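Colleague: Could you take me through one part of this model in detail? I would like to look closely at the charged side chains and what surrounds them.

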Amino acid sequence: MTMTGPKTRVARRHFLGGAAAAAAGAAVGVNPFAALAASAAGGRPPRQAGPGEGGYGPLSPVADQRDGVARLALPAGFSYLGFSFEGDTMSDGNLVPKAHDGMAAFAMPNGNVRLIRNHEDRDPAGVSPLDGDPNAPFYDRLGPAGTTSLEVRTNEDGSAELVRDFVSLQGTIVNCAGG
């Protein structure tokens, strides 16, 4: 028997074998997706690297380049720059909303980068709408969540700076990673 999807054909036996490998991997504490991928290698879960055999090393608190506050723990040699935080005033005069979630980056024609940031507000519909520009697009006026957009310029020295930020979409609910 063959199961079909929109553009795929998967043999039932192959699907069940992969599912069994994923379940076995989950049962022994291995990432189930890694176990599923390993099914092509005889169903064995990948060997976990021991100390000194890979990875980026131990994590330790690192100060944000913006304001010197340590918010993340990173391996040695890594750094980060925060552009805005909940409650900051954005370029359009609105406050940065709560519940930051997934983000996507797009190259702009002027060489800058547009970051579109989801806000996964789970408040009930109509309780706390995103207080954005009334001219910004609305999906549903009762939805409390939405997206904000940040335009970031990268400089020749490798640094980056926020050019502007604004509400770009309002009126979604549980805007999980773009959902």
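Modeller: Happy to! Let's start with the network of salt bridges that links Asp64, Asp67 and Arg71. Please keep in mind that this is a predicted model. Arg71 takes part in both contacts: with Asp64 the N to O distance is 3.0 Å, and with Asp67 the closest N and O atoms are 2.9 Å apart.

The surroundings of these three residues are worth a look as well. Asp64 has a relative accessible area of 2%, so this residue is buried, the limit being under 20%. Asp67, at 39% relative accessibility, counts as partly exposed, and Arg71 is partly exposed too, at 38%. The network therefore joins a buried acid to two partly exposed partners.

Arg71 has a further neighbour, an aromatic one. The arginine lies over the face of Phe85, at 4.0 Å from the ring centre. If you display the side chains, Arg71 can thus be viewed with Asp64, Asp67 and the ring of Phe85 in one picture.

Elsewhere in the chain, Arg153 forms a salt bridge with Glu161, and here the closest N and O atoms are 3.4 Å apart. Arg153 has a relative accessible area of 34% and is partly exposed; Glu161 is also partly exposed, at 34% relative accessibility. In the whole structure, the search finds five salt bridges, including the ones described here.

Since rings have come up, here is the aromatic side of the story. The count comes to one aromatic pair. The rings of Tyr56 and Phe78 have centres 5.4 Å apart and planes at 80°, which is over 60 degrees, so the pair is edge-to-face. This pair links distant parts of the chain, 22 residues apart: Tyr56 sits in the loop between α2 (32–38) and β3 (59–63), and Phe78 in the loop between β4 (70–75) and β5 (100–107). Tyr56 is exposed, with a relative accessible area of 66%, whereas Phe78 is partly exposed at 39%.

To place all this in the fold, the chain has two helices and eight strands, running β-β-α-α-β-β-β-β-β-β from the N terminus on. Of the 179 residues, 27% are buried, and Asp64 is one of the buried residues. The accessible surface of the chain comes to about 11600 Å², with 57% of that belonging to carbon and sulfur atoms. Finally, among contacts with a separation of 6 or more, 40% are between residues 24 or more positions apart.

Conventions: Residues numbered from 1 in each chain as written. Predicted model: local features only at pLDDT ≥ 70, side-chain atom pairs only at ≥ 80, totals over all residues. Heavy atoms only, no water. Helix = DSSP H or I, 4+ residues; strand = E, 2+ residues; numbered from the N terminus. Buried < 20%, exposed > 50% of the residue type's maximum accessible area, 1.4 Å probe, protein only. Contact = heavy atoms within 4.5 Å. Areas by Shrake-Rupley, 256 points an atom, 1.4 Å probe, with all protein chains shown as cover. Phe/Tyr/Trp six-rings, centres within 6.5 Å; stacked < 30°, edge-to-face > 60°. Lys NZ or Arg CZ within 6 Å of the ring centre and 35° of its normal. Salt bridge = Lys/Arg side-chain N within 4 Å of Asp/Glu carboxyl O.
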